[in-house]
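Reader: Could you walk me through how the ligand is held in this model? I'd like to start with the metal.

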Amino acid sequence: MSLAEELKQILIELDIDEIGNKVQAALDSGMSAQDVLSALTAGMDEVGRLYEAQEYYLTELVLAGETMKEAFVILQPHLKTDAQGKKNKVIALTVKGDNHDIGKNILVSLLMSAGFEIVDLGMDVHEDKVVKAVKETGAKVIAMSSLLTMTVEEISTVDQILKKEGLRDKVKIIVGGAPLNMELAKKLGADDYADDAVEGVRHIKTLFGE
Ligand code: B12
């Protein structure tokens, strides 16, 4: 089995005690942090599929989340991006009603290593909190994550309230998460969408005109 396969498998098996060692071993062997992340994400996708097939239940989803976080403790310092970014501010959050924050946290880590200043509002964030953060921080980009079909509409809620407050033309909104694509993102009022966190950092630099 390749190292990537092993990493994927260990995540599917929810082996929280072993994951850190395996990530470290993969990095020591010369595997890039980005490839490790891809293998782990493939494992997460399989966990999601097993959940859909009712072979895994909520307990397994929770454990998969914990296992990924454990892997990330080792992986995070290695996930450097190329830029020597300026301290441009980005507000990051997972939308209201949504408690998935692993993808958002990966994006935050990558943005931090690229030199951005992050205002991390966490997950399940009410739109009023976003408005408050825009007013208080003057951030020019909002990065929102939504992993649930039933929470993607929250993107539109944030877009609408920013318009009502006269703030919408002061900020760009970029979104990400499995139920989204560029077309839906635009329909919901976002300016941009990216498939994954690495791509997200690139797009955010462009939004800042870098
Ligand atoms: C772990 C997990 C959980 C954990 C989350 C733990 C945590 N702290 O995040 C817990 C147990 C809490 C959970 C709960 C639920 N979950 Co869940 N969960 C997952 C699972 C298995 C993995 C998600 C994950 O972390 N992936 C790994 C990360 C790295 O990937 P990612 O989040 O997609 O992020 C990447 C990109 O999308 C992108 N990205 C993400 N955000 C952003 C933002 C921006 C701006 C950009 C640019 C990019 C970007 O970059 C990231 C890295 O490259 C997925 C299945 C899957 N394969 O996605 C289901 C899944 C998302 N869950 C699902 C469901 C149904 C639920 C529950 C409703 C289950 C229930 N019956 O209670 C609850 C909802 C709770 C709630 N209110 O949010 C469904 C959603 C179906 C749908 N389309 O609506 C999925 C798809 C499983 C499935 N196949 O059925 N879940």
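**Metal and ligand surroundings**

Author: The cobalt atom of the ligand has H100 (NE2) as its only protein donor, at 2.3 Å, where donors are N, O and S atoms within 2.8 Å of the metal (3.2 Å for Na, K and Ca), and water is not among the atoms, so sites may look incomplete. This is a predicted model, in which local features need pLDDT of at least 70, side-chain atom pairs count only at pLDDT 80 or more, and totals for chains, interfaces and linings use all residues. Residues are numbered from 1 along each chain as its sequence is written, and side-chain values use heavy atoms, with hydrogens and water left out.

Reader: Where is H100 found?

Author: H100 belongs to the loop between strand 1 (89–94) and helix 5, with helices (H or I, at least four residues) and strands (E, at least two) taken as DSSP runs numbered from the N terminus.

Reader: And which side chains have an N or O atom 2.9, 2.7 or 2.8 Å from a nitrogen atom of the ligand?

Author: They are Y51 at 2.9 Å, D101 at 2.7 Å and T149 at 2.8 Å, each being a polar contact (a pair of N or O atoms within 3.5 Å).

Reader: Different topic: why does the ligand lie between domain 1 and domain 2?

Author: Domain 1 (3–78) and domain 2 (89–207) both give residues to the shell around the ligand, so the ligand lies between them; the domain bounds come from an automatic or database domain assignment.

Reader: How many residues surround the ligand?

Author: There are 34, and the closest are N99, H100, D101, S145 and T149, with a residue counted if one of its heavy atoms lies within 4 Å.

Methods
Polar contact = N/O pair within 3.5 Å; in protein donor to acceptor, adjacent residues only side chain to side chain.
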